[in-house]
Amino acid sequence: MERYRIRNLLLAVTAASGLLLTACGGGAGTHEDSKTADRDGHSSGLTAPTHGDEPGEQEDDRRENPRQLSTFALDVDTASYDYARRALADGRFPDPSTVRPEEFVNSFRQDYERPDGDGFSVTVDGARTADEDWSLVRVGLATRSTEGTGERPPAALTFVIDVSGSMAEPGRLDLAQESLAVMTDRLRDDDSVALVTFSDEAETVLPMTRLDGNRDEIHDAIAELEIQNSTNLGAGVETGYEQAVEGLREGATNRVVLVSDALANTGDTDADAILERISGERREHGITLFGVGVGSDYGDALMENLADKGDGHTVYVSDPGEARKVFCEQLPRHIDLTARDAKAQVAFDPETVEEFRLVGYDNRRVADEDFRDDRVDGGEVGPGHTVTALYAVRTEPGTEGHLATATVRWLDPDTRDPHEESGDLETDALHDSPRAAPSRFQVTAVAAYFADALRSGDDRYDRLPGAPAGFAELADRARALAGTTQDRAVGELADAVEQAARRRG
């Protein structure tokens with residue numbers, strides 16, 4: 001307990017010295033103007049801090065209102081969860097370094113309220129646990145639904161396909177070819193595709209080509225892909241971006257889609273070095289990278305770094321059903337963007353919160369003072385997405401009142417104007433237990449417990465509050481939720497936890 005009190009004292013001292021920026025007031029709503037605009041006030045006063053006009057006023061405000069802040073870039077990746085499921089199905093545990101809890105919790109459908117237009121809604125809820133004074137707090141962000149509109153700009157997609165020797169394994173290149181063929185039939189006539197392959201070197205096998213009247217030509221190019229030699233992934237990405245710029249379409253969404261096992265062994269094999277070579281194209285034209293991972297052996301770290309730093313995201317596929325879902329459902333949905341450089345900041349009330357821990361987002365953390373610095377990279381999010389962040393929160397014993405305010409900030413994809421939206425949570429809104437919370441909250445908790453156990457071992461002393469005693473008990477919870485929700489994805493989660501339980505013995 002003493003070390004936590006020391007930690008909080010240090011937080012307060014840090015705030016007083018000006019490293020944490022504070023707000024003069026706050027409230028829910030959309031920030032339509034500049035990053036110095038005022039916000040409507042409310043009684044808690046605990047929104048994400050804003051920049052004051054006068055340095056002296058900022059210093060006074062910091063001293064009077066120290067904040068406990070958590071800031072991170074949004075992330076809609078799911079590759080870590082799908083790769084863990086593949087490893088368990090193959091009879092092995094995933095390497096703990098590949099387990100990213102945020103990708104587990106973001107792999108499941110949520111029922112957050114959707115905004116009417118572009119931007120985000122913010123939902124903040126939570127549940128007390130059996131661990132004394134500990135709760136789980138969930139921050140849910142949602143973009144507008146894609147259902148019923150069918151509206152999106154045309155797409156200009158450059159597919160960069162790995163044809164190296166390792167892609168000969170069943171479920172790699174053959175899976176990509178089948179999926180691309182189906183997707184070619186699903187894309188619209190006004191969409192365009194280009195095809196680049198890479199092995200020792202990169203080659204453009206199909207320049208940017210409109211779908212209208214050219215589907216047979218595209219199908220032929222896909223069918224003729226053949227396995228070659230080494231994996232010069234850097235050359236593939238560089239050539240892919242060159243082709244994307246050459247075929248750039250104004251008014252269209254221009255995207256590079258990398259399909260690979262990411263086992264690079266020739267040329268540049270470092271994500272930073274690869275991205276530096278195409279930095280001009282990314283910044284000038286806003287071309288984002290969508291990574292699709294395949295294979296039982298998979299270069300998870302390289303693919304994730306490429307996508308995160310390339311303003312995109314990653315998925316992982318291991319069977320035809322997953323591949324069709326990615327290429328025929330998810331990819332068309334990811335073509336449009338509703339937010340660029342999106343970040344979230346959660347302000348925990350120091351009067352009620354003793355300590356907190358964000359679950360995951362380890363490589364997506366942002367300095368608190370950079371929340372409103374729109375030059376600092378955030379995440380790119382499209383319509384139909386939800387983003388979930390889970391916190392373990394320890395409250396002061398017997399405390400009541402305001403607990404936290406979550407704020408999301410993003411840039412309009414076209415105008416680059418900044419916007420914000422906030423949501424609050426009071427202690428009296430906490431559910432009595434995770435099992436008393438709505439089923440979707442329970443799914444979030446089970447997914448986070450699963451990731452925590454895979455990453456750290458299920459007997460870890462500082463495991464998430466309320467965690468089951470082991471995989472077997474967690475499997476029971478997951479299976480019960482699968483029955484309650486009648487959700488196939490939750491059933492697959494239960495299968496994966498049961499496989500981990502059997503392997504643990």
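Tutor: A helix axis here is a line fitted to C-alpha atoms over the stretch in contact, and angles run from 0 to 180 degrees between N-to-C directions. The model is predicted, so that local features need pLDDT of at least 70 and side-chain atom pairs count only at pLDDT 80 or more, while totals for chains, interfaces and linings use all residues. Residues are numbered from 1 along each chain as its sequence is written, and side-chain values use heavy atoms, with hydrogens and water left out.

Student: What makes α12 and α14 count as roughly parallel?

Tutor: Helix α12 (residues 439-456) packs against helix α14 (residues 488-504) at an angle of about 30 degrees, and their axes are 11 Å apart. Angles under 35 degrees count as roughly parallel, over 145 as roughly antiparallel, 65 to 115 as roughly perpendicular and the rest as oblique. The angle therefore makes α12 roughly parallel to α14. Their crossing is left-handed, a term used if the near helix is turned anticlockwise from the far one by less than a right angle (right-handed if clockwise).

Student: Which residues of α12 and α14 meet?

Tutor: On the α12 side they are R440, V443, V446, A447, F450 and A453, and they meet V490, L493, A496, V497, A500 and R504 of α14, where contact means heavy atoms within 4.5 Å. Sorted by class, this contact has 10 nonpolar, no polar and 2 charged residues. In that scheme Ala, Val, Leu, Ile, Met, Phe, Trp, Tyr, Cys and Pro count as nonpolar, Asp, Glu, Lys and Arg as charged, and the others, Gly among them, as polar.

Student: How do you know that α12 and α13 are roughly antiparallel to each other?

Tutor: The axes of α12 and helix α13 (residues 471-485) come within 10 Å and cross at roughly 150 degrees. Set against the cut-off for the term, that angle is why α12 and α13 are called roughly antiparallel. The crossing of α12 with α13 is again described as left-handed. Residues in the contact include R440, V443, V446, F450 and A453 of α12, together with F471, L474, A478 and L481 of α13. By class, the residues of the contact of α12 with α13 divide into 10 nonpolar, 4 polar and 2 charged.

Student: What makes helix α10 count as mostly covered?

Tutor: In helix α10 (residues 300-309), 7 of its 10 residues are buried, meaning under 20% relative accessible area, with exposed over 50% and partly exposed in between (1.4 Å probe, protein chains only). The buried residues are D300, L302, M303, E304, L306, A307 and D308. Their cover includes the helices α4 (101-105), α7 (233-246) and α8 (271-277), and also the strands β7 (253-260), β8 (288-293) and β9 (313-316). Helices (H or I, at least four residues) and strands (E, at least two) are DSSP runs, numbered from the N terminus. After α10 comes D311, with a positive phi near 60 degrees.

Student: Why is D133 called partly exposed, and why is D341 called buried?

Tutor: D133 has a relative accessible area of 24%, and is therefore partly exposed. This residue sits in the loop between β2 (121-128) and β3 (134-142), and has a positive phi of about 65 degrees although it is not a glycine. D341 has a relative accessible area of 13%, and therefore counts as buried. Its place is in strand β10 (residues 339-348), and D341, too, is a residue other than glycine with a positive phi, near 50 degrees.

Student: How do you know that Y361 is buried?

Tutor: The relative accessible area of Y361 is 0%, so Y361 is buried, and it belongs to the loop between β11 (353-358) and β12 (379-381). Leaving aside residues up to four places away in sequence, Y361 touches F72, A73, D75, E102, N106, V387, T388 and A389. From Y361 to A389 the C-alpha distance is 8.3 Å, with their positions 28 residues apart in sequence.

Student: Why are T197 and S422 counted as buried?

Tutor: T197, in strand β5 (residues 192-198), has a relative accessible area of 5% and is therefore buried. Its contacts, not counting residues up to four places away in sequence, are I161, V163, A202, E203, V205 and L225. S422, in strand β15 (residues 418-426), has 6% relative accessibility and so counts as buried as well. The C-alpha atoms of S422 and F120 are separated by 9.3 Å, although these residues are 302 apart along the chain.
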